[in-house]
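Work through the exercises below with the sequence and the 3D structure at hand. Try each task before reading its solution.

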Amino acid sequence: GALTAADGVTVTISDSQVSGNSTTGAGADGGGLNVEGDLIISDSIISGNSTLGSFSDGGGIFAGAITITGSSVVGNSTDGSYANGGGIASAGAVDATGNFIGLNQTVGFRSPGGGLFAGGVSTLTNSTIYGNLTFSPFSPFSDGAGAYLGDAGTLINNAITGNAALQ
């Protein structure tokens, strides 16, 4: 991936583009960004990144907790069993405001969250989640094509449309 940061580190990214990066191998999280601590992103584009391998979460972004504002997360992917979050994967909370999360995908057995996978309590506000895909061959576990929330969630004034979960 383009950037890796250790647990306990907070990374802030603003007015940036992270595109065309990848990781390969089991547990190779964060095709674009792999931040084990907290990640704060604003006014940025995360596109065309990928992970390939089982348990490789976050095609575009993987972080412990994520705050993302005014950004586009587009065309990212994961490919592998238990590889969650084609666009964004967070082990903890996600606070997303005014974003476009679209055309991302997960492909693999039990790989939910084509656009977004959040492990903690999350809030999505004024965002569009569009055209994301999960494909889980031979398994009924292709959940949350647009967004998969693993804990409580609050959704305020979002457009969540055109997402597809296939098996």
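**Exercise 1. Decide whether Ser 22 is buried, partly exposed or exposed, and place Ser 22 in the chain.**

Solution. Step 1: Ser 22 has a relative accessibility of 45%. Step 2: under 20% relative accessible area is buried, over 50% is exposed, and values in between are partly exposed (1.4 Å probe, protein chains only). Ser 22 therefore counts as partly exposed. Step 3: Ser 22 belongs to strand E4, residues 22-24. Strands (E, at least two residues) are DSSP runs, numbered from the N terminus. Step 4: leaving out residues up to four places away in sequence, Ser 22 touches Gly 1, Gly 31 and Ser 50, where contact means heavy atoms within 4.5 Å.

Two notes on the source apply to every exercise. This is a predicted model, in which local features need pLDDT of at least 70 and side-chain atom pairs count only at pLDDT 80 or more, while totals for chains, interfaces and linings use all residues. Residues are numbered from 1 along each chain as its sequence is written, and side-chain values use heavy atoms, with hydrogens and water left out.

**Exercise 2. Describe the open sheet of 6 strands.**

Solution. Step 1: the strand order is E3-E6-E9-E13-E17-E21, with parallel pairing. Two strands pair if DSSP finds at least two bridges between them. Step 2: strand E3 (17-19) and strand E21 (159-161) are the edge strands, each pairing on one side only. Step 3: on average, neighbouring strands of this sheet are turned by 5° against each other, direction ignored. Axes here are lines fitted to C-alpha atoms, and angles run from 0 to 180 degrees between N-to-C directions. Step 4: as one example of the pairing, E6 (residues 45-47) and E9 (residues 72-74) are parallel over 3 bridges, with Ile 46 opposite Val 73.

**Exercise 3. Follow the pairing of strand E16.**

Solution. Step 1: E16 (residues 122-125) pairs with strand E12 (residues 94-97) in the parallel sense over 3 bridges. In E16, Leu 124 is the bridge partner of Ala 96. Step 2: E16 also runs parallel to strand E20 (residues 153-156), joined by 4 bridges. Here Leu 124 stands opposite Leu 155.

**Exercise 4. Classify the aromatic pair of Phe 55 and Tyr 82 and then the pair of Tyr 82 and Phe 109.**

Solution. Step 1: rings of Phe, Tyr and Trp (its six-membered ring) pair if their centres lie within 6.5 Å; planes under 30 degrees apart are stacked, over 60 edge-to-face, and the rest tilted. The whole structure has 3 aromatic pairs. Step 2: Phe 55 and Tyr 82 are stacked, at 5.1 Å centre to centre and 5° between the planes. Phe 55 is in the loop between E7 and E8 and Tyr 82 in the loop between E10 and E11, so this pair ties together parts 27 residues apart in sequence. Step 3: the ring centres of Tyr 82 and Phe 109 are 5.7 Å apart and the planes stand at 80°, so this pair is edge-to-face. Step 4: Phe 55, Tyr 82 and Phe 109 form one aromatic cluster.

**Exercise 5. Find where Ser 111 lies and what its side chain reaches.**

Solution. Step 1: Ser 111 is in the loop between strand E14 (105-107) and strand E15 (116-118). Step 2: with a relative accessible area of 1%, Ser 111 is buried. Step 3: its side chain reaches the backbone nitrogen of Tyr 82 at 3.2 Å.

Note on methods. Polar contact = N/O pair within 3.5 Å; in protein donor to acceptor, adjacent residues only side chain to side chain.
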